[in-house]
Amino acid sequence: MLNYMSDVVAGGATVFPDFGASIRPRKGTSVFWYNLFRSGEGDYRTRHAACPVLVGSKWVSNKWIHERGQEFRRPCGLTEVD
């Protein structure tokens, strides 16, 4: 999960190229995504990057939520991409 801790005047979006998504930072908001398939294999479509901040500054924090030990909350699928 990525938490935005500041507003940005220009630039600084978080982009997910494989999905064509662009999230503009806004103080007090968060973005959450699963980066693993239910099988535990990595979902490389969730690769993301930060665009340069053009005006102002960008402050973020992140929270890693580990899946191991969560088998009953998010059960495994039957195939690699479930």
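A nonpolar patch, in the sense used here, joins nonpolar side chains (Val, Leu, Ile, Met, Phe, Trp, Tyr) within 5 Å, taking residues with over 30% relative accessible area and no salt bridge. With that in mind, and remembering that this is a predicted model, begin by selecting M1, F32, Y34 and I65, which make a nonpolar surface patch of about 400 Å².

Keep F32 and Y34 selected for a moment. F32 is partly exposed, with a relative accessible area of 45%, and Y34, at 43%, is likewise counted as partly exposed. Y34 is placed in the loop between β5 (30–31) and β6 (49–50).

Next, turn to the aromatic rings. How many aromatic pairs does a search of the whole structure find? The search returns two. For one of them, select F16 and W33, whose ring centres are 5.0 Å apart and whose planes stand at 75°, so the pair is edge-to-face. Because F16 lies in strand β3 (residues 14–16) while W33 belongs to the loop between β5 and β6, this pair ties together parts that are 17 residues apart in sequence. Colouring by accessibility sets the two partners apart: F16 is buried, with a relative accessible area of 6%, whereas W33 is partly exposed at 21%. The rings of F32 and Y34, already met in the patch, form another edge-to-face pair, with centres 5.2 Å apart and planes at 80°.

Now move to N3, in strand β1 (residues 2–4). Is N3 buried or exposed? Its relative accessible area is 19%, and since buried means under 20%, N3 counts as buried. Display the side chains of N3 and S30 together, and a polar contact of 2.6 Å can be drawn between them. To see the wider surroundings, leave aside the neighbours of N3 within four places in sequence and select the residues that remain in contact with N3, namely T29, S30, W59, V60, S61 and N62.

For the last stop, select Y44, which, like the earlier Y34, sits in the loop between β5 and β6. Y44 is exposed, with a relative accessible area of 64%. Then add D18 to the selection and place a distance label between the two C-alpha atoms: Y44 and D18 are 26 residues apart along the chain, and their C-alpha atoms are separated by 8.8 Å.

Technical notes
Residues numbered from 1 in each chain as written. Predicted model: local features only at pLDDT ≥ 70, side-chain atom pairs only at ≥ 80, totals over all residues. Heavy atoms only, no water. Helix = DSSP H or I, 4+ residues; strand = E, 2+ residues; numbered from the N terminus. Buried < 20%, exposed > 50% of the residue type's maximum accessible area, 1.4 Å probe, protein only. Polar contact = N/O pair within 3.5 Å; in protein donor to acceptor, adjacent residues only side chain to side chain. Contact = heavy atoms within 4.5 Å. Patch = residues over 30% accessible without salt bridge, like charges linked within 9 Å, V, L, I, M, F, W, Y side chains within 5 Å. Areas by Shrake-Rupley, 256 points an atom, 1.4 Å probe, with all protein chains shown as cover. Salt bridge = Lys/Arg side-chain N within 4 Å of Asp/Glu carboxyl O. Phe/Tyr/Trp six-rings, centres within 6.5 Å; stacked < 30°, edge-to-face > 60°.
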